[in-house]
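Please open the model in your viewer and keep the selection tool at hand, for this tour goes from one selection to the next and says what is to be found at each stop.

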Amino acid sequence: MKLLKQIATYAPAYQGVKDILLANDKIIAIEDHIDASITGINIEEIDGSGKVAVPGFIDSHFHLLGGGGENGFHNRTPEVQLTQLTTAGVTTVVGVLGTDGVGRDDMALLSKARGLETEGVSTYIYVGSYRLPVNTLTDSVIKDLMAIDKVIGIGEIAIADHRNGAPTFTEFAHAAADARVGGLLAGKAGVTNIHVGPGKSRLSFIRQALEETDIPVSNFYPTHCERNEALLDEAIAFAKAGGVFDITGSENPDQTYELDGSIPFRRCLKRVIDEGLDTDCITMTSDGQGSLPIFDENNHFVEMGVGSSKSLLTGVKESVEKENIPLETALRAITSAPAKLLKFSKKGHLKVGFDADIVLLDEDNLTIDTVIAKGETMVEKGTAVKWGTFEKSEA
């Protein structure tokens, strides 16, 4: 058991200064004051002074097996390790395949997800890759959703991108319809996670599906919607129709914007607020382990790097510091909003009965101090204390 004492609590809505009691992997009490001595049980107390407690981050678009490969075999990025997630505050992650659904496949993705779950974080996956028809683990999308606990939808299906195999609209609609039915039968989200490339068709397949089929808007989940202003405009229109869209974060948003025009998350969120939309319509993910170019301060290419979940906290901090968006509003994009869309019924909030996934941030600079996943401390004072099976501790 753990007791967080007198900590400013964002659930993600601000709750005031509270005591939070954890037992095993659940939150069992949130009160103004909790006296641990009355239980008669040895409880680890954590001093919350100078910190804020927020829900564990949900990164719902991550290449667990690595990404890249589009410049040849040597360009394949490595698999993620546990501490690359936990030190970034991520306690729940959703794995995807990308362009490469051959050298990496769904069984390997499922195996990696199960391994990370054993090591301490919560994991889910989408089946499929950029191309249609969807490669599945069983003989159908519907059966994958019904039979495999970790499968919550299909993706990332690519549209508006030359790497997608040029699918027809009929193929796209059939795949989304199967994900919808599988989700209904399994009690899951059944979403179609959609990679939106740089092509001019942008969200046209999604618009056509909403016009010509009965698939509800909630089953389409487009990502990379920050690529340019025209795409963001279409994403805003999609949100006004009831949809949820995703923004890919960056560890250096201003440089990314200068180099390729990708709009920083903070500006996308500000646009949502200015349009009067419910902020649950926007989420932020990292596209983690995807291959990314790294540039120096003069914008000269240095080397190829990989996407990181650290971009999530960067996006939240910039929203607060540069756009004056309340912390409780910015947090929703990586906590309650993805939990709502993906039907993670016990995640995304600090509530009694919910999973004990909690991040403690320094109150002054919003850096990560402590990360607790399913009740287990993974990070203390900004340093990992729980390592993956094949990671080597520097301690």
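Two strands are said to pair if DSSP finds at least two bridges between them. The helices (H or I, at least four residues) and strands (E, at least two) named on this tour are DSSP runs, numbered from the N terminus. The model is a predicted one, in which local features need pLDDT of at least 70 and side-chain atom pairs count only at pLDDT 80 or more, while totals for chains, interfaces and linings use all residues. Residues are numbered from 1 along each chain as its sequence is written, and side-chain values use heavy atoms, with hydrogens and water left out.

**First stop: two hairpins**

Select residues 368–373, which are strand β17, together with residues 376–380, which are strand β18, and you will have a pair that runs in the antiparallel sense over three bridges. Within this pair, Ile-372 of β17 stands opposite Thr-377 in β18. The two strands form a hairpin with two residues between them, and Lys-374 in the turn has a positive phi of about 50°.

Now add strand β19, residues 383–384, which is antiparallel to β18 and joined to β18 by two bridges. Here Glu-380 has Thr-383 in β19 as its bridge partner. β18 and β19 also form a hairpin with two residues between them, where Lys-381 in the turn has a positive phi of about 50°.

**Second stop: a parallel pair**

Move to strand β12, residues 245–248, and add β13, with which β12 pairs in the parallel sense over four bridges. Phe-245 stands opposite Ile-282 in β13. Which residues of β13 point one way, and which the other? Ile-282 and Met-284 point one way from this strand (residues 282–285), whereas Thr-283 and Thr-285 point the other way, and all of them are buried. In this tour, buried means under 20% relative accessible area, exposed means over 50%, and partly exposed lies in between, with a 1.4 Å probe and protein chains only.

**Third stop: positions from a record**

An unreviewed UniProt entry lists Gly-68, Gly-69, Glu-70, Thr-99, Tyr-130, Arg-163, Arg-227 and Ser-291 under "binding site". UniProt positions are given in the numbering used here, feature names are shortened, and annotations may be inferred rather than shown by experiment.

Select Gly-68, in the loop between β6 (57–62) and α1 (82–86); this residue counts as buried because its relative accessibility is 18%. Apart from residues up to four places away in sequence, Gly-68 touches Asn-75, Arg-76, Thr-77, Arg-104 and Ser-291, where contact means heavy atoms within 4.5 Å.

Next select Tyr-130, which lies in the loop between β8 (122–127) and α3 (141–147). Is Tyr-130 buried or exposed? Its relative accessibility is 6%, so Tyr-130 counts as buried. With neighbours within four places in sequence left aside, its contacts include Thr-99, Glu-156, Arg-163 and His-195.

**Last stop: backbone angles**

Most residues other than glycine have a negative phi, and most peptide bonds are trans. Look at Glu-156 in strand β9 (residues 151–159), where the peptide bond from Gly-155 to Glu-156 is cis, with omega near -10°. The bond from Ala-11 to Pro-12 is cis with omega near 15°, and Pro-12 is in the loop between β1 (2–10) and β2 (14–23).

Finish with Asn-24, in the loop between β2 and β3 (26–31), whose phi is positive, near 55°. Asn-24 has a relative accessible area of 67% and is therefore exposed.
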